[in-house]
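Visitor: Could you walk me through this structure and show me how each label is earned? I like to see the reasoning.

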Amino acid sequence: MNPLTRTACALCLGAGCIGSVHANVGAFRVVAISDAPTPVYPESITFGDLSIARIDGQGHVAFTTELSNLVLNSSLWMETEDGLELVGEPAAPAPGAPPGYVFYHFQPAYLAESGVVAVNALIADEDNTIAAAYTWSADVGFTPIVVPPFQMAPGEGEPFDHASINSINTHGEVVIRGEVSAGTGYWTNAGGSLSRVVVEGDDASAVAANAIFGDLHIGRVVLNDHGMLALSAELDHPLFGSFWSSWHGTAGALGVTAIESQQTPLGATTSFDGGFPIGVDLSINNASQVAFGQDFVEGGTPDLDGVWRVDNGTMETMGAVNHPGPYIGSVYTYADSLAAVINTDGQVYFTSRFDSAFISTNADTAIVRNGGADGPQIVVREGTSLLPLHDVQIDDLTYARFDLNRHGQVALVCELRGDDVDASSDYAIVATTRWGDPRIVVREGESLFLGLGDIRTIESLFMVTGNGPESGSRGALNDRGEIVANVHFTDGTEAFIVFLIPGLCRGDANGDLVVNFEDLEIVLDNWGAVGTPGFLEGDVNCDGRTNFSDLEWVLEHWGNDCL
């Protein structure tokens, strides 16, 4: 067998299968494959192109995809305890709309840790197409959040003209960006019914007299589990023109986080630069600490990268160009202002480059964590060898985008280098274990065994990133160490596959990430069973048999707590 070929510990022989993925290193399971039959429709109707998938705290995946051989073919899928379910059916009646309106198109879904799905959908009748916003949960089904123009915009006295969900927290509460005659605005249902947060033209005199909120089409908004928001907004002033600002608070009680030209924590010779902050530049945790990235000016030099944290009204520098870096004697030459992510404990993660007489240029980029008692710490660094492959190292991380869970684990698609790397194997998903060690999760050029006689070679990999574990909009990595990736194969097909970060959790037979008497009982109750690896109870080493080898695994790893 090809040395890069892997066998699934928990493989899926058909779309929608779900198996245990917690037994050993290299475990994975297939959620859906393009051109493969769905678990709902006749075999002639298959999954089409796959785009973005997200994973919840239980390891369930949500995604949208088109289906073959249907006129209205956009669909929304979600894994539940019963398997892969079609929850958004093309041409199905649209809740909250007048009779005759059906689902026409689903945009990529947002997913809460609790399993609530938020989706922006186009709904249509014979004459009109409308952009509407919904949430879906297994116990309730679809709940319409905003269905314009049939729903009034709170605080405006008129219906919404357009609406889209921008963030969802653990409880399934959302922030929507809506359009009314006054312009664009934000609303949230955090804490109860839909409430107005801010609309273009609102007073912003907390920043400067006669200032108002300007363009809200661009910018970012995130929502924590307590209903606290962080958002970026353009402001307009009759004398100063347009300038950027960041805010945090609740509906009806926003406070300023930072504004253009404000002095930074670095001192009187510095100020925040111009340029509107957009993209993945805001993150908030449940302690309402906010991290953001924004360029600054120092001594007349503009466009210097900086990452900042606001904690209970106090702003602090997490990383800034020309200022001390993560090593003694080092200075940052780059601190990614588009990817500042804050964790549960208030530590801020960002990609960076630094300079020092003691650091070579082929090891000077890293993901850095700062804001804790131990100061700046390296999380993942360029040049690190990825065991057990000593001849494979992490390449340049300057522009890397990563996902972060509550345990401080990061996952990212990164470039590789080394003697054992060529053009067909130079990218991988790399993630850190609970102990901080980076490991290859899956790599281009690997061949995956998907079923009897079905081995496919990986051509490329993609995973979506979120805004932090408590900022809404979870990404591809959950707190169990599971990563959902879009895997493209050399035969032109693609699949959503869930991988487990290597090292978690050996000996665990029931998937609760703890090795104890329950796992021992499962092995003994299924003693002698033979079957498909990943679907066989008690087969913790995934060899297709429940026997002494599995008992040894459980006893060897007795007491493991991977939570």
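Visitor: Let's start with Leu229: in which strand is its place?

Guide: You will find Leu229 in strand S20, which covers residues 229–237. Keep in mind that this is a predicted model.

Visitor: What makes Leu229 buried or exposed?

Guide: The relative accessibility of Leu229 is 0%. Buried means under 20%, so Leu229 counts as buried. As for its place relative to Ile483, the two residues are 254 apart in sequence and 27 Å apart in space, C-alpha to C-alpha.

Visitor: And Asp35, why is it called buried or exposed?

Guide: Asp35 has a relative accessible area of 57%. The cut-off for exposed is over 50%, so Asp35 is exposed. Asp35 sits in the loop between strand S2 (28–33) and strand S3 (47–55). Its phi is positive, about 70°, although Asp35 is not a glycine.

Visitor: How do you know whether Asn312 is buried or exposed?

Guide: We use that cut-off again: exposed means over 50%. Asn312 comes in at 75% relative accessibility, so it counts as exposed. Asn312 belongs to the loop between strand S28 (306–311) and strand S29 (314–320). Asn312 is not a glycine, yet its phi is positive at about 55°.

Visitor: Which residues form a nonpolar patch on the surface?

Guide: Phe517, Leu555 and Trp558 form that patch, and together they have about 340 Å² of accessible area. Phe517 is part of helix H1, residues 517–525.

Visitor: What makes Phe517 buried or exposed?

Guide: Its relative accessible area is 59%. Exposed is anything over 50%, so Phe517 is exposed. Patch residues need over 30%, so with 59% Phe517 also passes that cut-off.

Visitor: Now for empty space: how many cavities of 30 Å³ or more does a search of the whole structure find?

Guide: The search finds two. The largest cavity holds about 50 Å³ of space.

Visitor: How do you know which classes of residue line the largest cavity?

Guide: Go through the lining residues, among them Ile168, Glu113 and Thr170. Ile counts as nonpolar and Glu as charged, while Gly is among the polar ones. By class, the lining has three nonpolar, four polar and four charged residues.

Visitor: One more, about the backbone: which two residues does a cis peptide bond join?

Guide: That bond joins Pro148 and Pro149, with omega at about -5°. Pro149 is in the loop between strand S11 (141–146) and strand S12 (152–153).

How values were computed:
Residues numbered from 1 in each chain as written. Predicted model: local features only at pLDDT ≥ 70, side-chain atom pairs only at ≥ 80, totals over all residues. Heavy atoms only, no water. Patch = residues over 30% accessible without salt bridge, like charges linked within 9 Å, V, L, I, M, F, W, Y side chains within 5 Å. Areas by Shrake-Rupley, 256 points an atom, 1.4 Å probe, with all protein chains shown as cover. Salt bridge = Lys/Arg side-chain N within 4 Å of Asp/Glu carboxyl O. Helix = DSSP H or I, 4+ residues; strand = E, 2+ residues; numbered from the N terminus. Buried < 20%, exposed > 50% of the residue type's maximum accessible area, 1.4 Å probe, protein only. 1 Å grid on protein atoms, 1.4 Å probe; cavity = no way out; pocket = protein on both sides within 12 Å on 5 of 7 lines; lining within 4 Å. Points joined across faces, edges and corners; volume = space filled by probe spheres on them.
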